[in-house]
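Let's take a walk through a protein model together, one piece at a time. Have the structure open as you read.

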There are 2 protein chains.
Amino acid sequence: MTDHPAADDVLAAAARIAGHADLTPVLRSRTLDAIAGCRLHFKAEHLQRGGAFKFRGACNAVWSLPDEVAARGVVTHSSGNHGAALALAARSRGIPCHVVVPEGAVAAKLANIQRHGATLWRCEATQAAREATCAQVQDATGAHLVHPYADARVIAGQGTATLELVGQAGVPDVMVVPVGGGGLAAGTALALAAVAPGCRLVLAEPAGADDTARSLAAGERRIDFVPDTVCDGLRGALGAPNFALLRAWGAEVVVVDDAATVAAMRLAWQVLKQVIEPSSAIALAAVLAQPERFAGRDVGVVLSGGNVELEALPWHA
Amino acid sequence: MTDHPAADDVLAAAARIAGHADLTPVLRSRTLDAIAGCRLHFKAEHLQRGGAFKFRGACNAVWSLPDEVAARGVVTHSSGNHGAALALAARSRGIPCHVVVPEGAVAAKLANIQRHGATLWRCEATQAAREATCAQVQDATGAHLVHPYADARVIAGQGTATLELVGQAGVPDVMVVPVGGGGLAAGTALALAAVAPGCRLVLAEPAGADDTARSLAAGERRIDFVPDTVCDGLRGALGAPNFALLRAWGAEVVVVDDAATVAAMRLAWQVLKQVIEPSSAIALAAVLAQPERFAGRDVGVVLSGGNVELEALPWHA
């Protein structure tokens with residue numbers, strides 16, 4: 001598999017991860033439909049194993065490895081959900097897992113990673129430090145790198161969430177997903193190419209990490225930025241294959257400020273009764289921020305994760 | 001229908017409320033199963049219309065009324081969830097609804113009631129004041145009283161949650177539900193009589209409002225108490241028909257202190273990713289408090305409601 005997966009790879013991923021990943025429900029809400037002015041179909045990936053969609057990509061990557069490669073284990077760098085997902089996926093195959101975590105990561109997410117049996121390696125919170133530490137662990141252990149998003153197997157795996165949503169709720173008019181590094185976003189584009197070619201793709205991106213919006217506007221990757229957002233899962237820089245896939249699909253971006261994301265998170269907790277993290281709530285915030293894009297439509301939304309520090313909720317700040 | 005509904009009344013209620021009430025999902029969690037040492041099947045009634053199972057009983061009562069009675073509207077007293085449920089049910093039939101609310105009720109629940117179109121009447125937080133105010137409203141408006149739990153139609157309606165659970169997840173070995181006034185508890189006993197006669201019934205009751213435990217132990221109602229519990233939905237006194245039905249069924253009671261309830265609530269939020277209120281979390285707390293009662297069993301748990309003040313979570317107190 002090259003760095004640029006194809007639509008068929010999403011179908012193959014769905015077959016590969018069946019029996020490991022959970023079929024998560026699609027949630028509806030009369031109240032939120034009335035507020036948003038459209039029909040919202042929430043794919044509940046915060047109920048996925050590990051508490052996020054990330055298990056799909058990690059699982060696809062781990063089970064794609066030849067036995068002799070898998071035996072040496074896997075390694076990644078992750079602010080949280082991908083690390084926990086890779087740990088779970090590695091455990092499902094009985095192989096070692098190493099996770100490089102940047103300073104400042106959410107404690108609840110680190111606890112998840114350790115609970116699933118991975119070894120933690122700490123580093124500074126820069127992209128360069130993450131990658132350097134990851135390379136050191138690779139050298140020392142022979143573990144195989146599973147990048148959190150710039151990886152064809154991961155991208156294809158993340159696309160299976162939308163594949164399932166279409167099977168459960170029909171073809172939406174628009175899909176809305178959060179974008180950070182672009183694993184879910186690019187996977188969603190591929191899934192749409194496979195089963196819903198007429199569906200638009202809207203990416204919800206924090207104003208404090210809007211590299212995807214700037215990159216797509218410029219026609220080339222613009223990833224020189226210091227993230228500043230409550231969406232801890234969306235601070236990574238857009239990956240190269242991710243950019244290429246999103247550009248090819250014609251993905252749109254809605255940039256959302258943190259206040260709108262926190263308000264949407266609170267609304268989702270109150271009405272949907274679902275514990276979702278800011279990086280998930282931003283997708284609902286995007287719909288509420290620009291209702292004219294979605295009016296009267298069937299809108300698929302991936303609720304991407306629910307790993308939150310319950311002692312430090314953003315509306316208490 | 002008398003004050004003592006029969007098992008068949010639950011089946012009739014299910015037919016009556018179909019098309020109004022939602023079929024809520026049954027949630028599972030590998031993590032909670034491992035912690036509890038049993039297989040937990042959570043009936044997600046916090047996802048029911050109005051955010052609680054209460055809609056089932058209210059809807060059954062409202063749609064049981066003859067047209068000429070219904071036309072004068074309905075009235076009730078409620079600390080919150082039943083009031084919102086009756087308001088929604090009345091709206092589904094296009095009739096007026098009056099709700100008497102005691103001082104100190106949860107603001108989120110009052111907002112729900114008003115949002116659904118009911119008229120609020122405030123009174124002191126005693127049982128006597130509730131009933132007196134309710135009688136005044138009846139006199140003034142001609143509205144028909146739908147008691148929150150000591151009502152055969154309400155009891156039968158609440159039983160439909162367990163009826164559905166059995167259909168969705170099979171017959172459990174034990175059902176665990178919270179008990180306050182006993183509407184859900186008595187309805188669950190009836191549902192078990194109808195479709196799962198070998199299933200045990202365990203009631204989770206707050207230590208600060210343990211009238212059901214004392215009543216069942218004494219063999220007669222003991223309802224002279226001042227409630228003191230974080231479970232705002234469980235402060236009512238056990239109803240007479242409720243007591244009779246629970247006694248006849250041989251219901252067991254697990255008394256739970258508030259600290260254990262709050263810990264279970266936090267655990268449910270963290271692991272299940274569900275926003276449930278203390279009055280719901282107490283059922284999980286009961287399982288965790290006395291694991292030997294449930295070890296290795298299939299345990300049905302009704303997550304009864306999810307109307308919480310997000311600004312005043314009990315673990316911040």
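What follows is a short tour of some strands and helices of chain B.

This is a predicted model, in which local features need pLDDT of at least 70, side-chain atom pairs count only at pLDDT 80 or more, and totals for chains, interfaces and linings use all residues. Residues are numbered from 1 along each chain as its sequence is written, chains are lettered from A and ligands numbered from 1 in the order in which they are written, and side-chain values use heavy atoms, with hydrogens and water left out.

Let's begin with a strand. Helices (H or I, at least four residues) and strands (E, at least two) are DSSP runs, numbered from the N terminus. Strand β4 of chain B covers residues 97-102, and 6 of its 6 residues are buried; buried means under 20% relative accessible area, with a 1.4 Å probe and protein chains only. In a regular strand the side chains alternate between the two faces of the sheet. Here B:C97, B:V99 and B:V101 point one way from β4(B), while B:H98, B:V100 and B:P102 point the other way.

Which strands pair with β4(B)? Strand β3 (residues 74-77) of chain B does so in the parallel sense over 4 bridges, and strand β5 (residues 119-123) of chain B pairs with β4(B) in the parallel sense over 5 bridges. Two strands pair if DSSP finds at least two bridges between them. Look at B:V99 in β4(B): B:T76 stands opposite this residue, and its bridge partner in β5(B) is B:L120.

Now for the helices. In helix α9 (residues 160-169) of chain B, the buried residues include B:T160, B:L163 and B:V166. After α9(B) comes B:G170, with a positive phi near 85 degrees.

Next, find helix α12 (residues 240-249) of chain B, which packs with helix α11 (residues 211-218) of chain B at an angle of about 60 degrees, their axes 10 Å apart. Axes are lines fitted to C-alpha atoms, for helices over the stretch in contact, and angles run from 0 to 180 degrees between N-to-C directions. The contact (heavy atoms within 4.5 Å) is made by B:T212, B:S215 and B:L216 of α11(B) and B:F243, B:L246 and B:R247 of α12(B).

Helix α10 (residues 183-195) of chain B also meets α12(B): their axes come within 9 Å and cross at roughly 45 degrees. Residues making this contact include B:A186 and B:L190 of α10(B) and B:L246 and B:W249 of α12(B).

Methods: Buried means under 20% relative accessible area, exposed over 50%, partly exposed in between (1.4 Å probe, protein chains only).
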